[in-house]
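Work through these short exercises with the structure open. Try each task before reading its solution.

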Amino acid sequence: MSAEHVEEVVSEEPFLGTLDIALLVVLLVGATWYFMRSRKKEEAPIRSYSIQPTTVSTVSTTENSFIKKLKASGRSLVVFYGSQTGTAEEFAGRLAKEGLRYRMKGMVADPEECDMEELLQMKDIPNSLAVFCLATYGEGDPTDNAMEFYEWITNGEVDLTGLNYAVFGLGNKTYEHYNKVAIYVDKRLEELGATRVFELGLGDDDANIEDDFITWKDRFWPSVCDFFGIEGSGEEVLMRQFRLLEQPDVQPDRIYTGEIARLHSMQNQRPPFDAKNPFLASVIVNRELHKGGGRSCMHIELDIDGSKMRYDAGDHIAMYPINDKILVEKLGKLCDANLDTVFSLINTDTDSSKKHPFPCPTTYRTALTHYLEITAIPRTHILKELAEYCSDEKDKEFLRNMASITPEGKEKYQNWIQNSSRNIVHILEDIKSCRPPIDHICELLPRLQPRYYSISSSSKLYPTNVHITAVLVQYETPTGRVNKGVATSYMKEKKPSVGEVKVPVFIRKSQFRLPTKSEIPIIMVGPGTGLAPFRGFIQERQFLRDGGKVVGDTILYFGCRKKDEDFIYREELEQYVQNGTLTLKTAFSRDQQEKIYVTHLIEQDADLIWKVIGEQKGHFYICGDAKNMAVDVRNILVKILSTKGNMNESDAVQYIKKMEAQKRYSADVWS
């Protein structure tokens, strides 16, 4: 109300005095100012773009009650995942999505982001079911995101009566503790009173984990239907989980360009640095270690000064790589896409806490470069969806057949996809009539995962540097194509000579540790790049000796093909031998007619091995190939303990298990 209007009112209504008018004006002006100020505050968060960027966390940190979400959205199925590489999360998503066919609306949940004690309330939801897709990694350890849940059921004595559950495990038979986590959780939930709806499923990543999963899943759903007295809704209906929203008007500073979670985190770095907030480390050294032989092994040094990240010898450094630009361009052309289109994929399930499959809004180029595994071997559910985009019926039937659970389909998938190492680009190149839209490809492909490397330096010598030792992965496939490792190809190009180059990294702690007492002797078995963590161990033992500490015997078994070609860090190791710090045992498999491996040397040194691990209670370490070398070494140890320690085979096996429990026997292996 204006002052002029107030004066007119006064002349007509003389019972208000001048002081009354003044007070009224002050009150009106104050109220108007307060109202306008409040409106501005309320309106401030509104942006000009359609969808605000979100992080990639699966469950909102502001609401960790999965029970509330189940009840609010009328769901009865929750699928938890323990995932280190993304496969368990992918399987969990597939199970939750399929629940609709069996009148069980489902949701996926990360146990790290949930209050898992709410499992006690699952019995309050009719026909409820909790499924656990749990991977085992390391030496029988739960994944990082399942650690708290694992410890809770291990140490707690809660009553889970009324909880219906099923477990599918993801493991690798080449490892000593195959599927240990899933086996334990399945058994422990039953001990706590929960009801097993279907038998434990075990997936073997060394063979065909996709086959293991779909075979288990094919029997799982009929059992669920029998248990709850429900019926499936017939044929599977393919449904998109995310809808496409193209966003040409989004401001450039609101578009994700490769950040893992927080927008602009690569430009505005701030600790703490971890998997969702990697540190951009400068590459200060990148040199070739091999002196011939046609293969390449890189020694890379990263500067982590200012990051506040700390590491110990034996820890791992994880790196987020980017995909080959040529492959990205190929995929864009095969899908007839403009890779610079700005878009978001938005979850069609509005109750889901996972709003996007990766940070959005972004461009197709960024998504295919930074966020998606375009070189991964596609699983069967992807083939099933691709079949719908084939204009040729023969192509459609071919893909559908490979995605089926028939023996013929499984064999075709094994030969045409797995044995031939075909990725999504190769499939679209070879099946000419299959032309899916690029946004559906972005929905189907799994997330690009960080690659982990054993740190090959000691922080005692290099507190602000991290060293990596990595063999370049490159091989020809049966189709005549050359497949390249994503991370090692990415690192190969990171040469400091061409200016400042940086890579996003974070450090993961390990249980692979030197003895706390330096006088304890150690034996290390590390052929090839298995030497990496032991280089850090040896550096540390030398550092302690230089500082006047008593250091026990440090014995290394190292092997490679040829002494003059791929004997990595040869000069360093020979210098440690001269200093009296290291006893070096070497095997060069191809330098003579009969191949010699580190396992042969260990067999020959039975007396030395027994002296160190039997009499002196020393530590034994293995790093490298899990499938053959690590298994062979363990079997040789059993023989040595049996003969030199006067044990039977069973006692020798138990002796090694006791060493493991005491952290005297450690393995850092891969398949």
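Two strands pair if DSSP finds at least two bridges between them. Strands are DSSP runs (E, at least two residues), and helices are runs of H or I with at least four residues; both are numbered from the N terminus. This is a predicted model, where local features need pLDDT of at least 70, side-chain atom pairs count only at pLDDT 80 or more, and totals for chains, interfaces and linings use all residues. Residues are numbered from 1 along each chain as its sequence is written, and side-chain values use heavy atoms, with hydrogens and water left out.

**Exercise 1.** Find which residues stand opposite tyrosine 621.

*Solution.* Start in β22 (residues 619-625). Methionine 524 stands opposite tyrosine 621. Serine 666 in β23 also stands opposite tyrosine 621. Now step along β22: isoleucine 622 is the bridge partner of valine 525.

**Exercise 2.** Place β22 in its sheet.

*Solution.* First, count bridges. β19 (residues 522-525) pairs with β22 in the parallel sense over 4 bridges. β23 (residues 665-670) runs parallel to β22, joined by 6 bridges. Next, read the order of the open sheet of 5 strands: β21-β20-β19-β22-β23. Its edge strands are β21 (583-588) and β23, each pairing on one side only.

**Exercise 3.** Is β22 mostly covered or uncovered? Which helix lies across it?

*Solution.* Buried means under 20% relative accessible area, with a 1.4 Å probe and protein chains only. In β22, 6 of the 7 residues are buried, so by this cut-off the strand is mostly covered. Then look for the helix: α19 (residues 606-615) lies across β19, β20 (554-560), β21 and β22.

Definitions and conventions. Buried means under 20% relative accessible area, exposed over 50%, partly exposed in between (1.4 Å probe, protein chains only). Contact means heavy atoms within 4.5 Å. Axes are lines fitted to C-alpha atoms, for helices over the stretch in contact, and angles run from 0 to 180 degrees between N-to-C directions.
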